[in-house]
Amino acid sequence: MAEHVLKIQDVTMQFGGVVAVDNLSLEVNRGEIVSLIGPNGAGKTTAFNAITGVYEPTNGAIFFHDKMIVSNHPQGKMKKLYKGENNGKYPKVIRKTPDKITRLGMARTFQNIRLFKSMTVFDNVLIAKHLRRTSNIFTATFRLNYKEEKKMREETMELLRILDLLDVKDEIASSLPYGKQRHLEIARALATNPELLLLDEPAAGMNPQETDELTAFIRRVRDEFHLTVFLIEHHMNLVMDISDRIYVIDFGKLIASGKPQEIQNNPEVIKAYLGVADDE
Amino acid sequence: MTKTTKTISSCVFALVVAAAIVCVGQFSSPSSMLRTVLQMGAVYALIAVSMNLLNGFTGLFSLGQAGFMTLGAYAYAIFTIPVDARDGVYYLTGVADWLKNFSLPIPVALILAGLVGALCAYLVGIPVLRLKGDYFAIATLGFAEIVRIVMASTPLNRVTNGSMGLTKIPGFKSYYGIFIVAAICIALMVLMLNSTYGRSFKAIRDDEIAAEAMGINLAHHKQLAFVISSFFASIGGALMAMYLNAVSATTFTVAVTYYILLIVVIGGMGSVTGSVLSAFLVIAAKEWWLRPLDQEQFIGGFKIPLLRSGFRMVIFSVILMLVVLFFRRGIMGDHELSWDGIYGFFKKTLPSLFHRKNKTQDPEKEGGANG
């Protein structure tokens, strides 16, 4: 059986009385490209945020390479309010801030591009190298880390070269065309040396041609960097083309999972996306 | 290529400033206004850069600079007042026993002053850095006021001399002392800002969420920026005490923080050379160039209206407003002073002069900084 890189178990994310993600369990295996799809407001990005540590799940556990990285159960006010299932199954509480999770080898991009706008393309990628540093503030100030710094710069150049961003390396990030900014965001995520890449709607706002390019780009990145990719997307062409497996959620609940063809013909999924006519 | 030209241009900038200071030191009388302005400018430049480090480079809008200056100034004063002068200074309450026969050399006391500020910043930073934006500004402002009031409080009379303040604070014998200390401190900050840590500070400023997702530990890095900034602000406060020879609780009011903020904004948030330039310019304008406006002036037999004591500040404020209106991002924006920038500035302002050159050289090379 394939080794799973990411495993989410019974994750429920509740804000006040609203259950955004309801008892979600899924797995992402090594080398796969897995998509998470669902109608607007289904809780996809919330699930992503729970995985990457932006939110703390109300209940459930998340494993990275079989190691529990996040675990929680309803506490405090949530004890009374909790509407989900599996209460009490996860007594341990493990919290991690996003930076620690990134350090484990999980990098993400954002739905609305979040680049370091005032900095050059080169610096944007170089910053992502900061987390693998061994220098402290004193050695960095007095340039005792010059070897490491040189290595960081070389690796950044190499990455920019592989991802075809070398010709724009000295441009300010926010001046790039939209598609390039998306590429840059992926490049920046790759600079943290991840094993798992989480892409939150990488094709949002792209035209069909750009989407095709992105599909090829993601495949290439996966193969060249030996990555596992987990992505959220609305462009069905891209999803069906690229995914090894698909998970579909609606109102926070998993409603289907499987290979692209299975999902395309799944009545539940069609119902969630198109609705059902009343008079039938 | 660009990096070397940048380094060269900043070195040249530093050399020009140094040469100007040495010239003034050699050829002016000890009491000349130019000396005063340069010395005060150096102190304010240091403090402005330390504030810029926090407000302009890390994006933490702090208004606590005066508090750390107070701490630094008092720490420096308490540790350095000569033993035989102590009784004279603390003539009302007497000096605390542990301080009586205790006096440190100036460099040690300066570093100690910085460390006192850094330690306080560390402790204050733990709760305060959880706040964001305006709330952080208000909390740091509150901290500065607390420091000021604690320093003037009666239980500390035998250490800080209460509301009387401390006098007879020794300074460098040489005129160059203040410049050397300020230059070393600013150089250290520039080195830090150009290192991988400086880059991560800028990342936090640009986008906190993205920075955290890229593995930058927000709490740790914000704490670091806050402590470093406070360390240098405290040294700046100590230099100020040294320059004034005296310090009291009213030396560093909130107005001082605003004054420094003003220097930072005029210089450009996120530009070290901008802060340094604007520190000298603002001090020179306020203390020197606009002074004549405070006295009644006569042209022939005609008395110029409006000129009276305090009128200088009116003009000063008007100039500030004009600067903010027309140079919205400060003199330098977030660029550093560079040859490209100077060239670009002249190319824009003196088009006729550069017109011919323009055609032969590559036309794409527009200057980075606006003048």
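Q: What makes up chain B in terms of helices and strands?
A: Chain B has 16 helices and two strands. Helices (H or I, at least four residues) and strands (E, at least two) are DSSP runs, numbered from the N terminus. This is a predicted model, in which local features need pLDDT of at least 70, side-chain atom pairs count only at pLDDT 80 or more, and totals for chains, interfaces and linings use all residues. Residues are numbered from 1 along each chain as its sequence is written, chains are lettered from A in the order in which they are written, and side-chain values use heavy atoms, with hydrogens and water left out.

Q: Why is chain B called as compact as a globular protein of its length?
A: The radius of gyration of chain B is 22 Å, and the globule rule gives 21 Å for 371 residues; the two values are close, so chain B is as compact as a globular protein of that length. The radius is taken over C-alpha atoms, and the rule is 2.2 Å times the number of residues to the power 0.38.

Q: Why is A:Arg222 called buried?
A: Buried means under 20% relative accessible area, exposed over 50%, and partly exposed in between (1.4 Å probe, protein chains only). A:Arg222 has a relative accessible area of 16%, so A:Arg222 is buried. A:Arg222 lies in helix H8 (residues 208-225) of chain A. Not counting residues up to four places away in sequence, A:Arg222 touches A:Gly31, A:Glu32, A:Ile33, A:Leu227, A:Val229 and A:Asp244. A contact means heavy atoms within 4.5 Å.

Q: What share of chain B counts as buried?
A: By the cut-off for buried residues, 50% of the 371 residues of chain B qualify.

Q: How many residues of each chain take part in the contact, and what area do the chains bury?
A: Chain A gives 35 residues and chain B gives 27 residues. Together they bury about 2,600 Å², 61% of it on carbon and sulfur atoms. Buried area is the accessible area (1.4 Å probe) that two parts lose on being put together, summed over both. In chain A, the residues that lose the most area to chain B are A:Phe116, A:His130 and A:Ile137, together 22% of what that side buries.

Q: What makes the pair B:Asp207 and A:Arg114 a salt bridge?
A: A salt bridge is a side-chain nitrogen of Lys or Arg within 4 Å of a carboxyl oxygen of Asp or Glu. The side chains of A:Arg114 and B:Asp207 meet at 3.0 Å, N to O. Across the interface of chain A and chain B, the rule finds two salt bridges.
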